[in-house]
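Here is a tutorial dialogue on how to read a protein model. A learner asks, and a teacher answers.

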Amino acid sequence: MRRNSIVLVFIVLFLGWSLGAPADQSYRLGANDVVRVTVYGHPDLSTIARVAENGGVTIPIIGEVALGGLTGREAELKIQSLLTEQKIVKSPQVTLIVDKYESQRVSVLGEVVRPGVYPITRGSSLMDLISEAGGLREEAGEVAIVTRKNEGPSSGRVIDLVSLLEGSAATPEPTVTDGDRIFVPRMERFYIYGQVNKPGAYRLERGMTVMQALSVASGITDKGTERGIKIRRKSSAGAEQEFSAQLTQQIQANDVIYVNESIF
């Protein structure tokens, strides 16, 4: 049920991306962004232009205007000011919309539908970018690891996607920045063998007990016994240990559960 809820939320977010939304005013223009500038009542001054490497945008009659590093609203006010100062338009009303976001990009990797590099738009959040990448694959885990630009892999911040989507996260959803790397790891698994009806590898749910693991594997066969359950587990140092398990005991990632045959 939880897994289905996560997938549904990402579908909704993805549709939101497809339908489009107003540009976020916190976004700062950069090289290769494509902007649409409209001056109300003066179509001859309207233009669609790409931001140059030096941050300049060519506006009809005015010429090149340095807009790199400005927000959309700041750019609008600057163009309005120039139109007024140069006595081109009295009391101009300027609207600037970013048609294509190309200057700031983030890598979205791992268990997403379309791994790749995506432009940041609308003050993009973590979930925005995962949705833009098509959402989570069936094999995806329940966390995402965000690594900032110029930081090593070991410094990545682990984000609990389940808590984030349920609104129970202790910290707010992070806003991603240029050069960030988002990695969604493969789901955690456990393994169950022996006298169960459907042995194999299964997704490990949070707080899962031995009893729940048996249920996922369709229960114990007629030859098996609840008193003959063993767990093989590796420690963080790599050492393997085996011990008897109780039905109420929680299992961990990569645990191997074995149900023995009854001797009676």
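**Reading strands, a pocket and backbone angles**

Q: Which residue is the bridge partner of Ile145 in E10?
A: In E10, Ile145 has Phe183 as its bridge partner. Helices (H or I, at least four residues) and strands (E, at least two) are DSSP runs, numbered from the N terminus, and two strands pair if DSSP finds at least two bridges between them. Strand E8 (residues 143-147) runs antiparallel to E10 and is joined to E10 by 3 bridges.

Q: What kind of model is this, and how are residues numbered?
A: This is a predicted model, in which local features need pLDDT of at least 70 and side-chain atom pairs count only at pLDDT 80 or more, while totals for chains, interfaces and linings use all residues. Residues are numbered from 1 along each chain as its sequence is written, and side-chain values use heavy atoms, with hydrogens and water left out.

Q: In which sense do E6 and E10 pair?
A: Strand E6 (residues 105-110) pairs with E10 in the parallel sense, over 4 bridges, and Ser107 stands opposite Arg181 in E10. Strand E10 (residues 181-184) has Ile182 and Val184 on its covered face, whereas Arg181 and Phe183 are on the uncovered one.

Q: What is the strand order in the open sheet of 3 strands?
A: The order is E2-E1-E5, with antiparallel pairing. Strand E2 (47-50) and strand E5 (94-100) stand at the edges, and because each has a single partner strand, one side of each is left without a neighbour in the sheet. Strand E1 (residues 34-39) pairs with E5 over 6 bridges in the antiparallel sense, and Val94 in E5 is the bridge partner of Val39.

Q: How is empty space found, and which residues lie nearest the centre of the largest pocket?
A: Rolling a probe the size of a water molecule over the atoms shows where empty space is left. A pocket is an open set of points on a 1 Å grid over the protein atoms alone, where a 1.4 Å probe fits, with protein on both sides within 12 Å along at least five of seven lines, and lining residues have an atom within 4 Å of a point. The largest pocket is lined by 16 residues, of which Glu142, Glu188, Leu204, Glu205 and Arg206 lie nearest its centre.

Q: What is the sign of phi at Asn32?
A: Most residues other than glycine have a negative phi. Asn32, although not a glycine, has a positive phi of about 80°, and Asn32 is found in the loop between helix H1 (2-19) and E1.

How values were computed
Buried means under 20% relative accessible area, exposed over 50%, partly exposed in between (1.4 Å probe, protein chains only).
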